[in-house]
Amino acid sequence: MTASRTPPYRVGIIGVGRMGSNHARAYVVNPKTELVAAADTDPENLELFQRRFGVNVYGDYHEMLAKERLDIAAPVLPVSVNPQAVIDCAEAGVGAIFSEKPIASSLADADRMVETCRARGIPFACGDAWRNLPQFWQFREMVDAGEVGEVRAINVYHPHSEILGGGCQSLGVTRLMAGDADVEWVTGWVHGDPWDEEDQGMGGVIRFANGVLAHVHMDPVGRRGIEVLTEKGVFLSDWLQFSYHDAEDDGDDRVLREREGLFERAGTWDLGYDDEGWREIGFRLTSSVRAILEALETGREPRTSGDNMRKGLEIGIALRESHRQEHAPVRLPLEDRSMKIVPHAGRMYSKKRAQGREEYMEQMAAYKRD
């Protein structure tokens with residue numbers, strides 16, 4: 001589906017907590033989008049949002065979907081309610097959907113979300129994610145053009161206590177670097193109890209159908225980010241900086257020489273405030289909003305699609321299943337779609353519920369210096 005009208009595209013947010021407010025601001029500053037409405041079942045969060053953004057607000061997102069003609073619906077919700085909200089948005093006939101990660105806890109829920117959107121031709125993006133950064137796609141274009149040779153191996157250095165909550169970021173980039181090929185099998189291990197369905201740190205080896213091997217390192221080491229080894233060199237990123245190094249013969253040695261000026265730096269970890277008192281929007285989120293707009297206007301699959309996040313969830317489950325089977329290879333796709341990874345409480349339900357109102361509202365206040 002391509003956009004049925006011209007910019008600015010009408011946007012409605014579902015879930016106006018910390019991340020929902022961040023998403024809203026990203027749409028406000030984008031010249032192609034107009035934030036027109038928001039919905040939330042939390043009256044306190046909704047009142048604060050309405051005061052800050054001055055848009056129509058609803059206590060029930062179904063009412064918002066019925067009354068507002070939305071080009072983009074943005075469910076920024078806990079995992080427990082995210083699947084149904086995405087499906088409801090698709091069935092309401094919005095132009096595109098950009099929800100947050102994790103996509104769902106079970107493969108069955110993720111399947112329903114992806115297939116409902118796909119059947120209606122609705123672009124479905126999931127996650128303010130590193131995979132949306134243009135630098136990664138720039139390098140992938142270099143690979144596809146034959147400029148640096150084929151990708152042979154990938155190392156991912158992203159120690160995290162959540163393979164679904166945070167680790168899905170690096171799994172999405174890993175899939176892109178492997179050409180989004182199907183996964184044949186994985187072997188893996190987890191930080192804690194492999195029989196626990198709760199989200200936790202995981203590592204292992206992913207074998208893609210095109211022969212690429214990816215090694216996911218779950219323990220902290222001296223490097224952070226991703227390392228992509230091609231036939232002719234090495235691509236490196238720590239999620240902020242990007243570089244490509246040609247491998248050259250130097251006598252009996254093999255040395256790496258960086259190609260200067262190929263990639264722009266993505267941004268900084270330290271976000272300040274703008275002249276109006278708003279916390280600055282991260283480079284990753286602005287890239288993510290541009291990506292859903294591209295999908296809306298072209299009908300192409302979003303850069304970080306729901307299908308990508310579904311496959312990341314499947315990889316995580318397979319890593320855990322391998323540990324349960326004494327680290328034997330587990331072949332994909334997984335037949336049992338009821339398998340799941342249960343996110344931490346703050347992601348599964350809400351951070352306000354998990355952290356307590358006082359701490360949470362202090363964080364909400366930090367988004368805008370009134």
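The following exercises, each with a worked solution, concern a predicted model.

**Exercise 1. Span of helix 8**

Task: Determine what end-to-end span helix 8 (residues 283-298) should have, and compare the expected value with the model.

Solution:
1. Helix 8 holds 16 residues.
2. The expected span is 1.5 Å times one less than the number of residues, and for helix 8 this gives 22 Å.
3. In the model, the C-alpha atoms at the two ends of helix 8 are 22 Å apart, so the expectation and the model agree.
4. The buried residues of the helix are Phe283, Leu285, Ser287, Ser288, Val289, Ala291, Ile292, Leu293, Ala295 and Leu296.
5. After helix 8 comes Gly299, with a positive phi near 80°.

**Exercise 2. Asn30 and its partners**

Task: State where Asn30 lies, whether Asn30 is buried or exposed, and which residues beyond four places in sequence are in contact with Asn30.

Solution:
1. Asn30 belongs to the loop that runs between helix 1 (18-29) and strand 2 (33-39).
2. The relative accessible area of Asn30 is 13%. Buried means under 20%, so Asn30 is classed as buried.
3. With neighbours within four places in sequence set aside, the contacts of Asn30 are Val289, Arg290 and Leu293. Val289 and Leu293 appear among the buried residues of helix 8.

**Exercise 3. Packing of helix 7 on helix 9**

Task: Classify the crossing of helix 7 (residues 168-177) and helix 9 (residues 306-324), and describe the residues in contact.

Solution:
1. The two axes come within 9 Å, and their crossing angle is roughly 110°.
2. Angles of 65 to 115 degrees count as roughly perpendicular, so helix 7 is roughly perpendicular to helix 9.
3. Helix 7 contributes Cys168, Leu171, Gly172 and Arg175 to the contact, while helix 9 contributes Asn308, Met309, Lys311, Gly312 and Ile315.
4. By class, these residues comprise four nonpolar, three polar and two charged.
5. Helix 7 is mostly covered, with 10 of its 10 residues buried.
6. Just beyond helix 7, Gly179 has a positive phi of about 75°.

**Exercise 4. The environment of Arg131**

Task: Establish the location of Arg131, its burial class, and its side-chain polar contact with Asp180.

Solution:
1. Arg131 sits in the loop between strand 6 (124-126) and helix 6 (134-144).
2. Its relative accessibility is 4%, and therefore Arg131 counts as buried.
3. The side chains of Arg131 and Asp180 form a polar contact of 2.7 Å.
4. Beyond four places in sequence, Arg131 touches Trp137, Gly172, Val173, Arg175, Leu176, Asp180, Arg303, Thr304 and Asn308. Among them, Gly172, Arg175 and Asn308 also take part in the contact between helix 7 and helix 9.

**Exercise 5. Separation in sequence and in space**

Task: For the pairs Glu276 and Lys368, and Gly356 and Lys311, set the sequence separation beside the C-alpha distance.

Solution:
1. Glu276 lies in the loop between strand 14 (253-258) and helix 8. At a relative accessible area of 54%, Glu276 is exposed.
2. Glu276 and Lys368 are 92 residues apart in sequence, with 8.4 Å between their C-alpha atoms. Outside its neighbours within four places in sequence, Glu276 contacts Arg25 and Lys368.
3. Gly356 lies in the loop between helix 11 (351-355) and helix 12 (357-365). With a relative accessible area of 25%, Gly356 is partly exposed.
4. Gly356 and Lys311 are 45 residues apart in sequence, and their C-alpha atoms are 33 Å apart.

Definitions and conventions: Residues numbered from 1 in each chain as written. Predicted model: local features only at pLDDT ≥ 70, side-chain atom pairs only at ≥ 80, totals over all residues. Heavy atoms only, no water. Helix = DSSP H or I, 4+ residues; strand = E, 2+ residues; numbered from the N terminus. Buried < 20%, exposed > 50% of the residue type's maximum accessible area, 1.4 Å probe, protein only. Polar contact = N/O pair within 3.5 Å; in protein donor to acceptor, adjacent residues only side chain to side chain. Contact = heavy atoms within 4.5 Å. Axes fitted to C-alpha atoms, helices over the stretch in contact; angles between N-to-C directions. Parallel < 35°, antiparallel > 145°, perpendicular 65-115°, else oblique. Nonpolar A, V, L, I, M, F, W, Y, C, P; charged D, E, K, R; others polar.
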